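Let's take a walk through this protein together. Keep the model open beside you and turn it as you read.

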Amino acid sequence: MAANQLEDVVQRWRTTEDFKPEDHELFLNAGHTCIAQGDYTQLLDFIKEEANQHIVRSMGSGLLPALVNEVLRKDRSPANCQAILNQLVQICSVKELLDILLQQVEDTDPNAIADTITVLMPLIQSVLLRMSESKAHGLALALDSLQKQISKLPVPYSHKQEQEDVYGLCRCCTAVLTFVQPFVQEVKNQDTNSMATKQRAALLKFCMKSLREPLLQVQLDREANMTEISPLWNFATEIMAILAVIQQSLPKILFYPLRGKEDTISEKDAFHLNESRACMAYLLFVQLIAIEVFPAVFSPVFVLQCNMEYINLLLSRKDESWILKGLDLHVKCLERVTDCSLPVELLELKPFHEVPKNLITIMIDCLIQHLRGKSLVVFQLFIEKLNGEAKHTFFRRIMKTSHHAGVESIIIKNIKNQVERCRKSAYDDSWFEGTPLISLLRETLILPQGHETDLLHGMDRVMESLNLLRYLLIQERKISTGIWTDLCHIADSYTKLLRLCLSMSKSYYGTELKRLREDKKIKAKEFKEASRKRSVQSLLVKTETLGNMPCEAQDKVLQCALVTYDLMESLVVHIEEIIEDSQK
């Protein structure tokens, strides 16, 4: 029997402490037999007996893997098994225990990550609390191993998924907070000695990793958390609180990172640290977590400038949660800035160049509609915060680099709005009147491809350009500001080239429409096949090929194109009439 076998081993070893490899093997075999047969009570009594302590201290740690596996089994009561584990972690060598437990974490079954590490965490915590000199190093190793496994768990996307917690991420986050609390308290109570410094560094690394994974992927909602408890919201709150407790200044982490230290780490690790800081900025300024401990001495412009690097990082990713955090952070930073106050010098900074580019990319290419809409709102808000010179510079830059008619139409509309503001007595901005305005118009009111410009594709830009010209001519005729001659010259050059493009486009589209309708009359039954072979096949409208459309859809597209050209032509005629009437 297992009990008799174990008793024989005890009788032989109670009088010695010099255990050989075969002794270890015999002890483990006896112990494993007890575990396999469920003799937990007798094994527990053996371990507790004072006369056996040196035996357990020398060889008991080898039973840990088998005991952990028993606890994880769902078909047995783990109470006594758990009690044995609790005894072993208080008796055996801390070094051996930590090595074995961390190996257990490393070897975790991918399908049982949450169950395994929530069992192992209290055991590892007990071992670490017994350590003295090497505690900080052991804590760092343990947190690294645990976070490596936690990062493999899928992040809940919705509040419902968070409550269901199918994969156990929320459970793990709650457990790891319990795991670190004694060590946080120790750091709080300790002086700034070398051991406390190392332990603080291990906790700081844990917090920064947690900000990146999982918090950067989590969808947090402050208002929803007011009504229902969210484990992930609580995790975010506690991580920020731990940073404050371990005497880490949030401004120092966000705005004044220790570049000297970062020079000693890899480029990948430095990038990951920036991702963590980006998440911290989001939690602080958007969700207002720990905002009460953030100094109020920093100006809104300084906060925006410092956060632009993090905003750029978030917007440059393709993940919805990252983009949404970047947009929300950008909005919150901009909202605190006074309108028309950002100086042109900021536009020379790389993040102030990259962020608008990323916003434009999202507006144009993102497949998620609410992100496209929100990026447009943020883009417009950024424009409103620039001062006159900065707006003037920004508009010229976007018109040269965006290469998208929709974006260009937004800029042209903003130029009109700025001119309108300037003509009000309460608003004075010399950058949108006189020579600076004419200079901007000469670069803006053009057809990029000359007479080969695709007017249908560039319809938004053309229509806004014509509306701007019409507005400026009417206003200049009412209240002269000295730009009439230059304005007429710009209008004349633009409308002449536009008329040439309109003539060519209307002729081409009219011919295609006529041919399409003739084909329909002559060969109605064979229309689909015949229409694919005709020249209409190569005609592009936006990103669709007419030849791939049904016959009725082709007809409507061609008619809409002709109606659009008629509308453009009517605006051209109106502009020409304004100039002619003024000359009379």
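His-403 sits in the loop between helix 22 and helix 23. What is the sign of its phi angle? The phi of His-403 is positive, about 55°, although this residue is not a glycine. His-403 is also exposed, because its relative accessibility is 66% and anything over 50% counts that way. Bear in mind as you look around that this is a predicted model.

Leu-288 is another residue to look up for its backbone. It has a positive phi of about 60° and isn't a glycine either. You'll find Leu-288 in the loop between helix 17 and helix 18. With a relative accessibility of 37%, Leu-288 counts as partly exposed.

One more backbone detail: the peptide bond running from Glu-213 to Pro-214 is cis, and its omega is near 15°. Pro-214 belongs to the loop between helix 12 and helix 13, the latter covering 222-227.

Now zoom out for a moment. The protein is built with 28 helices and two strands. Of its 584 residues, 48% are buried. Among contacts with a separation of 6 or more, 75% are between residues 24 or more positions apart. As for the outside, the accessible surface is about 28800 Å², and carbon and sulfur atoms account for 51% of that.

Next, the charges. Side chains of opposite charge can pair when their charged atoms come close. How many salt bridges does the structure hold? There are 23 salt bridges. One of them brings together the side chains of Glu-70 and Arg-73, at 3.3 Å from N to O. Is each partner buried or partly exposed? Glu-70 is buried, since its relative accessible area is 10% and the cut-off is under 20%. Arg-73 is partly exposed, with a relative accessible area of 34%.

For a bigger arrangement, go back to the stretch around that cis bond. Arg-212, Glu-213, Glu-275, Arg-317 and Asp-319 are linked in a network of salt bridges. Let's take it piece by piece. Arg-212 pairs with Glu-275, and their closest N and O atoms are 2.4 Å apart. This pair links distant parts of the chain: Arg-212 is in helix 12 (residues 194-212) and Glu-275 is in helix 17 (residues 267-285), 63 residues apart. Glu-275 itself is buried, with a relative accessible area of 2%.

Glu-275 also forms a salt bridge with Arg-317, where the closest N and O atoms are 3.4 Å apart. Why does this pair tie together separate parts of the chain? Glu-275 lies in helix 17, while Arg-317 lies in the loop between helix 18 (300-315) and helix 19 (320-335), so the two parts being tied are 42 residues apart in sequence. Arg-317 counts as partly exposed, at 30% relative accessibility.

Stay with Arg-317 a little longer and look for a ring. The charged end of Arg-317 sits over the ring of Trp-322, 3.8 Å from the ring's centre. There's a lysine to find in such a position too: the charged end of Lys-325 sits over the ring of Tyr-282, 5.2 Å from its centre.

That brings us to rings meeting rings. A pair of aromatic rings is described by the distance of the centres and the angle of the planes. The structure holds 13 aromatic pairs. In one of them, Phe-395 and Phe-432 meet edge-to-face, 5.9 Å from centre to centre and with 65° between the planes. Here, too, distant parts of the chain are linked: Phe-395 is in helix 22 (residues 388-401), and Phe-432 is in the loop between helix 23 (405-422) and helix 24 (434-444), 37 residues apart. Both Phe-395 and Phe-432 are buried.

Elsewhere, ring pairs gather residues into a cluster: Phe-255, Tyr-256, Phe-285, Phe-294, Phe-298 and Phe-302. Try picking these six out on the model.

Last stop, the cysteines. A disulfide is a covalent bond between the sulfur atoms of two cysteines. How many disulfides does the structure hold? The count is zero. Two cysteines are still worth a look. Cys-92 counts as buried, at 1% relative accessibility. Cys-501 is buried as well, with a relative accessible area of 1%.

Notes:
Residues are numbered from 1 along each chain as its sequence is written. This is a predicted model: local features need pLDDT of at least 70, side-chain atom pairs count only at pLDDT 80 or more; totals for chains, interfaces and linings use all residues. Side-chain values use heavy atoms; hydrogens and water are left out. Rings of Phe, Tyr and Trp (its six-membered ring) pair if their centres lie within 6.5 Å; planes under 30 degrees apart count as stacked, over 60 as edge-to-face and the rest as tilted. Helices (H or I, at least four residues) and strands (E, at least two) are DSSP runs, numbered from the N terminus. Buried means under 20% relative accessible area, exposed over 50%, partly exposed in between (1.4 Å probe, protein chains only). A charge sits over a ring if NZ of Lys or CZ of Arg is within 6 Å of the ring centre and within 35 degrees of the ring normal. A disulfide is a pair of cysteine sulfur atoms within 2.5 Å. Contact means heavy atoms within 4.5 Å. Accessible areas come from the Shrake-Rupley method with a 1.4 Å probe; for residues, only the protein chains shown count as cover. A salt bridge is a side-chain nitrogen of Lys or Arg within 4 Å of a carboxyl oxygen of Asp or Glu.
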